[in-house]
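Dear colleague,

I am passing on the structure we spoke about, with notes on its strands to follow. Please read them with the coordinates open.

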Amino acid sequence: EGDRPVLDYFSQDGSLGLGAQMWLVRGASARDALSAGGDEGIDTRLETIQNDSKMGIANLTRTAGEVYTDLLELGSAYVPALSPAGEGGAVLAEQGYGVLKGDVLAGFLEGEAAKGLELLAGGSSADVLDVELPEGPVSVKVTSACTKSRLEFQGDVPSALKLTCKVEVRLSEYRTRPDGQGVESLRTEAARRERVRLEGALEQLRAWGTDCAGLGAKAGMFHPARWQAVQADWPEYFSKVPVEIQVEVKVR
């Protein structure tokens, strides 16, 4: 069954509604997921994941309404994925994100690519970066991320998609607090790693023709007439237009 009928069900069921949190179950059935809450139970486990997401230490959560809106406006949407794990599949664990394209599942993003999607979507990557500096090892936590997009046109045809991702990280663990050149080295390495994540996510999304982070739509706000002319064909343009990525890291 496609995702639209399922989302229609959310909108029509009074006990659910479009404000209900939504997850995809990966590698198992919904029945398996319902029995995989562990000792805390399925409701408590999902509530924990939702709260952890708000604190930036778990996948970004999404409501049925958010997914429905993205499918209608963007033609694609990302949904956090869960899978039974542990001994006997007794615990629900996060498994990246599923990407919906129209009525079908385009595929899953996991690992570094999943963290790249979080950066594209403007959420903090639920991660701590460990960097080796001359002063010793340093750990930083990503506290915020914001990716802005800009479209360039050649005539009326999109010719380039330019992305600027601004990331803030906070020093969390270190032997000697870095300063001067140490902070610059830390900033450079953090920017490199976040760029790799962005590239990984974009490679998959472009291959599927799924701009589920709305990069084109956000950029199109600055060229409304031109955007309206290419909006219907944007998935195809998104797959082939050159992309330029700039990452700026601020260390706090």
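Strand pairing

Over 9 bridges, strand β4 (residues 76-85) pairs with strand β5 (residues 91-101) in the antiparallel sense. This, like the rest of what follows, comes from a predicted model. Within the β4-β5 pairing, Ala77 has Leu100 in β5 as its bridge partner. Leu100 also has a bridge partner in β6, namely Leu105.

β5 is joined to strand β6 (residues 104-109) by 5 bridges, and these two run antiparallel. They make a hairpin with 2 residues between them. In the turn, Gly102 has a positive phi of about 60°.

Further along the chain there is an open sheet of 4 strands, in the order β7-β8-β9-β10, with mixed pairing. β7 (128-133) and β10 (243-251) are at the edges and have a single partner strand each, so one side of each lacks a neighbour in the sheet. On average, neighbouring strands of this sheet are turned by 35° against each other, direction ignored.

Inside the sheet, strands β8 (residues 136-154) and β9 (residues 157-174) run antiparallel and are joined by 16 bridges. For Ser144, the bridge partner in β9 is Glu168.

Helix α6 (residues 181-208) packs on the sheet and touches β7, β8, β9 and β10. The direction of α6 makes about 145° with that of β10.

Regards

Methods. Residues numbered from 1 in each chain as written. Predicted model: local features only at pLDDT ≥ 70, side-chain atom pairs only at ≥ 80, totals over all residues. Heavy atoms only, no water. Pairing = 2+ DSSP bridges. Axes fitted to C-alpha atoms, helices over the stretch in contact; angles between N-to-C directions. Contact = heavy atoms within 4.5 Å.
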